[in-house]
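Please open the structure in your viewer, with the sequence beside it, and keep a selection tool at hand. The tour below goes from stop to stop, saying at each one what to select and what is to be found there.

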Amino acid sequence: MKYPKLTVFLGLVVLLVAWVLISGMEGDRPRAVLNPVSATPAAGAVLVIGGTRATGLEVVRLLRARGDDVVVLVRPSSDAGEVEALGARIVRGDALNPGDLAAALKADPAGGQFRAIVSTLGGRSLDGPRPDFEGNRNAVDAARLAGVRRFVLVTVIGAGESRDAAPAIARYVLRNVIPEKSKAEDYLKTSGLDYTIIRPGGLLDKEPQGRAYLTEDTRAMSWIRRSDLAALTVQALDDPRAIGKVYHAFDPDRTRFWSIPAN
Ligand SMILES: NC(=O)c1ccc[n+]([C@@H]2O[C@H](COP(=O)([O-])OP(=O)(O)OC[C@H]3O[C@@H](n4cnc5c(N)ncnc54)[C@H](OP(=O)(O)O)[C@@H]3O)[C@@H](O)[C@H]2O)c1
């Protein structure tokens with residue numbers, strides 16, 4: 001062979017392109033479940049864990065916009081500015097410290113019982129210490145001790161029995177994260193709490209479109225805007241039919257890798 005290195009290189013490029021294309025192939029269109037988000041807040045505060053930024057901050061924004069009491073667990077080193085600007089109360093603490101979560105559940109602004117916990121705990125580092133299992137396990141334990149029954153947990157498509165729904169490339173990149181999310185799901189499912197688990201695929205920072213929905217089809221995979229995911233999370237929080245359910249957050253416009261808009 002005249003150019004063996006070039007041939008191997010081109011072969012690898014072809015394989016990579018094929019992998020990305022296959023990863024982005026479109027599956028079935030699942031059916032929607034649940035109704036649109038309620039405009040009226042329920043009684044009792046909501047503790048948001050992971051509410052300082054991204055999806056969690058969008059959840060705080062939606063809850064505050066309709067007048068819910070919201071408390072956000074904020075790490076001592078983290079910026080609480082956006083949370084406070086939305087009128088949510090903050091309680092300083094780290095989800096990896098069980099005592100901080102117990103203290104957070106005593107911080108209900110109304111002095112009464114929290115009605116729910118929403119956890120969007122995650123992290124940017126793929127290798128370093130992450131709270132995906134331990135933080136959520138601590139939150140579940142604290143909820144049980146405090147008598148808070150409702151718990152909505154955001155994990156990831158690929159967790160639990162949805163392994164094959166995640167594109168191969170995502171399974172590889174998140175190989176240290178997905179098992180921890182699966183453990184957190186299992187822990188919550190067996191906790192006795194009124195749980196809902198919501199699995200998104202890849203997340204995008206764009207304005208909400210309102211076309212995404214929750215489905216019980218655990219083969220469903222799409223990318224989704226964080227703002228849309230947050231709306232679906234609040235929707236599930238409000239709806240008693242969501243108790244004991246695992247959903248995939250599905251955006252019918254973002255099912256292919258190349259359908260993600262540039263703007
Ligand atoms: N990124 C993706 O494409 C993607 C795809 C699928 C699923 N997900 C999952 O979807 C959820 C939302 O992701 P996201 O990208 O919107 O949010 P994110 O940027 O991962 O935000 C994570 C949140 O968790 C908080 N946090 C991390 N460790 C903590 C700790 N020990 N104690 C208290 N708070 C802690 C962070 O607070 P600080 O401000 O203190 O860091 C932040 O508010 C996460 O569960 C994520 O794993 C993400």
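Begin by selecting Thr40, which sits in the loop that runs between α1 (4-23) and β1 (45-49). Keep in mind from this stop onwards that you are looking at a predicted model. Is Thr40 buried or exposed? Thr40 is exposed, because 8 other C-beta atoms lie within 10 Å, and a residue counts as exposed when that number is 12 or fewer. Now add Arg66 to the selection: Thr40 and Arg66 are 26 residues apart in sequence, yet their C-alpha atoms are 6.3 Å apart in space.

Before moving on, show the whole protein as a cartoon, where you can trace eight helices and ten strands. Of its 263 residues, 43% are buried. If you consider the contacts with a separation of 6 or more, 70% of them are between residues 24 or more positions apart.

Next, select helix α2, residues 54-65, and display the ligand together with it, since this helix gives three residues to the shell around the ligand, the most of any contributor. The shell holds 24 residues, and those that come nearest to the ligand are Gly50, Ala54, Thr55, Ser78 and Gly122. Sorted by class, the shell is made up of ten nonpolar, ten polar and four charged residues.

Stay with α2 and look along its length: its twelve residues reach 17 Å from the first C-alpha to the last, close to the 16 Å expected at 1.5 Å a residue. Colour its buried residues, which are Thr55, Gly56, Leu57, Glu58, Val59, Val60, Leu62 and Leu63. Ala54, which is also found in helix α2, counts as partly exposed because it has 17 C-beta neighbours inside 10 Å. What is the sign of phi in Ala54? Phi of Ala54 is positive, near 55 degrees, and this is a residue other than glycine. Most residues other than glycine have a negative phi. Just after the helix, Gly67 takes a positive phi too, of about 95 degrees.

For the next stop, turn to the interior and select Leu47, Ile117 and Phe151, which touch the most other members of the largest nonpolar core, a group of 67 residues. The largest share of this core comes from helix α8 (residues 226-238), which gives seven residues. Centre the view on Ile117 and, leaving aside residues up to four places away in sequence, you will find it touching Leu47, Ile49, Ala139, Ala143, Val148 and Phe151. In soluble globular proteins, nonpolar side chains tend to be buried together.

Now select strand β10, residues 245-250, which is largely enclosed by the rest of the structure because five of its six residues are buried. Strand β6 (residues 194-199) runs parallel to β10 and is joined to it by four bridges, with Ile198 having Tyr247 as its bridge partner. Strand β8 (residues 213-215) runs antiparallel to β10, joined by three bridges, and here Leu214 stands opposite Ala249.

Finish at helix α7, residues 178-189, whose twelve residues reach 16 Å from first C-alpha to last, close to the 16 Å expected. Its buried residues are Ile178, Glu180, Lys181, Ser182, Ala184, Glu185 and Leu188. What covers them? Select α5 (134-146), β5 (150-154), α6 (168-173) and β6, which are among the elements covering the buried residues of α7.

Terms used
Residues numbered from 1 in each chain as written. Predicted model: local features only at pLDDT ≥ 70, side-chain atom pairs only at ≥ 80, totals over all residues. Near = placed C-beta within 6 Å. Helix = DSSP H or I, 4+ residues; strand = E, 2+ residues; numbered from the N terminus. Nonpolar A, V, L, I, M, F, W, Y, C, P; charged D, E, K, R; others polar. Expected span 1.5 Å × (residues − 1). Buried ≥ 20, exposed ≤ 12 C-beta atoms within 10 Å, placed from the backbone. Contact = placed C-beta atoms within 7 Å. Core = buried A, V, L, I, M, F, W, Y, C linked by C-beta atoms within 7 Å. Pairing = 2+ DSSP bridges.
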